[in-house]
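Work through the exercises below with the sequence and the 3D structure open. Try each task before reading its solution.

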Amino acid sequence: AFVFASSVCYAFYLTGSATMIKRLGASRFSALALLASTAATLLHFVATQPLAALAQPLPVYAYGAAMAVFSTILPVFMLSAAIRRIGPSRSALIGTLGPVLTIFLGWWLLGEPLSLAQIGGAALVLGGVWLASRH
């Protein structure tokens with residue numbers, strides 16, 4: 001149920017963001033989206049964890065900062081720019097390739113096992129992208 005709700009929310013975000021991006025600009029929209037998600041995350045942390053949980057070794061903060069920049073901030077700005085340039089439907093379509101690439105790169109670079117279910121799922125995603133992108 002949470003995965004489905006997350007998918008529905010993400011779909012609304014993608015389709016509803018195009019008009020806001022046109023009005024605010026991609027950078028301003030991305031910054032506001034990141035601020036809202038950061039506020040929600042911090043509120044959840046304060047409600048569920050003691051503040052002493054923030055005391056971590058320096059490498060934890062360094063890895064966290066790197067993950068924030070490369071896994072969150074840059075992709076959010078790039079997605080907003082893509083929505084502005086090619087529209088929300090094409091951006092969402094291209095975004096479905098991410099998990100397929102993750103499976104392939106995990107197998108190729110990390111030597112992770114590749115199951116028939118993963119190959120089948122990747123084939124379905126690639127087939128869907130191909131069908132949807134045909135004119």
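Two residues are in contact when they have heavy atoms within 4.5 Å of each other. The model is predicted, so local features need pLDDT of at least 70 and side-chain atom pairs count only at pLDDT 80 or more, while totals for chains, interfaces and linings use all residues. Residues are numbered from 1 along each chain as its sequence is written, and side-chain values use heavy atoms, with hydrogens and water left out.

**Exercise 1. Place Val 125 and find its contacts.**

Step 1. Val 125 lies in helix H6. Helices (H or I, at least four residues) and strands (E, at least two) are DSSP runs, numbered from the N terminus.

Step 2. Val 125 counts as partly exposed because its relative accessibility is 29%. The classes are buried (under 20% relative accessible area), exposed (over 50%) and partly exposed (in between), with a 1.4 Å probe and protein chains only.

Step 3. Set aside the neighbours within four places in sequence: Val 125 is then in contact with Thr 96 and Val 100.

Step 4. From Val 125 to Leu 101 there are 24 residues in sequence and 11 Å in space, C-alpha to C-alpha.

**Exercise 2. Describe the protein as a whole.**

Step 1. Count the elements: the protein has 6 helices and 0 strands. Read from the N terminus, their order is α-α-α-α-α-α.

Step 2. Compare the radius of gyration with the globule rule. The radius is taken over C-alpha atoms, and the rule is 2.2 Å times the number of residues to the power 0.38. For a compact globule of 135 residues the radius would be near 14 Å, but this protein has 18 Å.

Step 3. Along the principal axes, the C-alpha atoms fill a box of roughly 55 × 45 × 30 Å.

Step 4. Of the 135 residues, 13% count as buried. Among contacts between residues at least 6 apart in sequence, 65% join residues at least 24 apart.

**Exercise 3. Which residues does Ser 30 contact, and which does Ile 21 touch, beyond four places in sequence?**

Step 1. Ser 30 belongs to helix H2, residues 26-48. Its relative accessible area is 0%, so Ser 30 is buried.

Step 2. Leaving aside neighbours within four places, Ser 30 is in contact with Val 76, Phe 77 and Ser 80.

Step 3. Ile 21 belongs to helix H1, residues 2-24. Ile 21 is buried because its relative accessible area is 2%.

Step 4. Not counting residues up to four places away, Ile 21 touches Ala 26, Phe 29, Ser 80, Ile 83 and Arg 84.

Step 5. Ile 21 and Gly 95 are 74 residues apart in sequence, and their C-alpha atoms are 18 Å apart in space.

**Exercise 4. Check the length of H5 and see what follows this helix.**

Step 1. The expected span of a helix is 1.5 Å times one less than its number of residues. H5 has 14 residues, so it should span 20 Å, and its end C-alpha atoms are 19 Å apart, which agrees.

Step 2. Just after H5, Gly 111 takes a positive phi of about 70 degrees.

**Exercise 5. Which helix gives the most residues to the nonpolar patch?**

Step 1. The surface patch is about 1100 Å², and its residues include Leu 101, Trp 107, Leu 109 and Ile 119.

Step 2. Helix H5 (97-110) and helix H6 (116-133) are the elements that give two or more residues to this patch.

Step 3. H5 gives the most, with 7 residues.

Step 4. Leu 109 is in helix H5. Its relative accessibility is 57%, so Leu 109 counts as exposed.

Note on methods:
Patch = residues over 30% accessible without salt bridge, like charges linked within 9 Å, V, L, I, M, F, W, Y side chains within 5 Å. Areas by Shrake-Rupley, 256 points an atom, 1.4 Å probe, with all protein chains shown as cover. Salt bridge = Lys/Arg side-chain N within 4 Å of Asp/Glu carboxyl O.
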